[in-house]
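This report looks at annotated membrane spans and at contacts between aromatic rings in one protein chain. The sequence and the structure come first.

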Amino acid sequence: MLTIFKKKDLYIGLLVSFLVIGLFAFAQVGARSTVKVRHLPLALVVNDHESAAQKVVQKLQDAGDHRDATIKWVAVKHTSQLTKGFAAGKYYGAVVLHSGFSQALRQQVAYLKGQVMTQKLVAVATKAPLVAQAKPFQQQQAVARTLVAHAPQQARLTLYVSQGNNAVIASQLMTRLPQLATQMNQTIAKRYGQVATQAKLPLTAQQWTDLQTPINVTLVKRNSVSTKMLSGMAPMIITIFAWLGSLLASFLSWRAHRKFEQRRNDGYLSASSVTSQLIAGLVIAMSVAGTIYFFTKVCYGMPIPQPVQFFWLTTLISLVFYLLQTAVLNLLGIKGWPLLLVIWIGSMAVITMVPQMLSPFYQDFVYNWTPIRFAYDLFTNQLYLRDATVTGQPLRLLLAIGAGSILGMYGSTLLRK
């Protein structure tokens, strides 16, 4: 019964289990346990260049200059530029200080000053009626009436969150940006409250409420992602479908070609067989794209803008995945299968994150090179981001991977045992 412990297969199995668990731990636990948002780019649009607004801007920028700051501010001149910035992935949200921001704060200070003056003048007039008839007193009274003649307006601040860029970051910004605006309100309101308390102003409940919210904050969602659009998870799910579909198809195609197509005496495929693999890959990629479209759009009604573009983009991505996986199989045989799993497992830990969330190691050695992440970026642009292009760097990198894979496939015909 105990002879099994003398067999090497048992220890090989234990070693394989150790390596698989270690790989998953490295990819999943390691990447997620080191997540910390650093220097997340947010746009800062300042439409008011007076002193009060500039003080607020300076405080924001000073906070973003720290080495481990959460936010990195990107200066943007006009609100109209935000759409293109979100589409290009330059930033994930924005803070906009509207024109009249400083003027509104000045009016609030003046109104509070007028209230304090009015109360003091009333007290003086009560104690010394003759003083109230003097010209200097009446001049001050006129100034006080002018200051409180109109109720002050709130300064306007708008917060933008682009949900389509990244669901995880958008969720954090939906909390973080309002907190930032609340801190601004609290800082100013605290100063107003101290003045009102020291002067013992008999303010109404509404006036106290106005003092607590000197800044009117509006939160705007851009590139909104609905539940029907899988709450921001559609790019990842579709990327998984494309990878798994091409992974299985490439393996079966490789086996079929080794079994039925012309081979050399040493077992490697001939050049004509590799050409056959390429033709089969195109057909398989189109089939995978059609299947993905059928289940996502036809069966479950997920909104897909530009269906034709989506179909050909999915075909291209599936084809690149097929070529990469087939090149590994042609060069290394079934022994190359673990390499494909390494790519798959490593990618799944990082593709839903942005580089600012990852440690330098995972950013440089996992996120920056995985082909699955490039596909994820393309699907995000196509499905979620208004005015985004699908002809940028991710597409060029995928095309380079595809071209390199074709060279690897034909290069396998030159190998000798």
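The text below turns first to the annotated spans and then to the aromatic side chains.

The model is predicted, and the positions of the spans come from a record rather than from the coordinates: in an unreviewed entry, UniProt places the feature "transmembrane region" at residues 232–254, 274–295, 310–332, 339–358 and 395–415. Among these, residues 232–254 are 91% helix and 0% strand, with their end C-alpha atoms 35 Å apart, while residues 310–332 are 100% helix and 0% strand, with 33 Å between the end C-alpha atoms.

As for the aromatic rings, pairs are counted when the ring centres lie within 6.5 Å, and by this rule there are eleven aromatic pairs. Two of the pairs are set out here.

| Pair | Distance between ring centres | Angle between planes |
|---|---|---|
| F86 and Y91 | 5.5 Å | 80° |
| F361 and Y362 | 5.4 Å | 85° |

Planes over 60 degrees apart count as edge-to-face; the rings of F86 and Y91, with their planes at 80°, are therefore an edge-to-face pair, and F361 and Y362, at 85°, are edge-to-face because of that angle.

Are the residues of these pairs buried or partly exposed? Both F86 and Y91 are buried. In the other pair, Y362 has a relative accessible area of 8% and is therefore buried, whereas F361, at 41% relative accessibility, counts as partly exposed.

Finally, W243, F321 and W344 form one aromatic cluster; W243 falls within the annotated span 232–254, F321 within 310–332 and W344 within 339–358.

Technical notes
Residues are numbered from 1 along each chain as its sequence is written. This is a predicted model: local features need pLDDT of at least 70, side-chain atom pairs count only at pLDDT 80 or more; totals for chains, interfaces and linings use all residues. Side-chain values use heavy atoms; hydrogens and water are left out. UniProt positions are given in the numbering used here, feature names are shortened, and annotations may be inferred rather than shown by experiment. Helices (H or I, at least four residues) and strands (E, at least two) are DSSP runs, numbered from the N terminus. Rings of Phe, Tyr and Trp (its six-membered ring) pair if their centres lie within 6.5 Å; planes under 30 degrees apart count as stacked, over 60 as edge-to-face and the rest as tilted. Buried means under 20% relative accessible area, exposed over 50%, partly exposed in between (1.4 Å probe, protein chains only).
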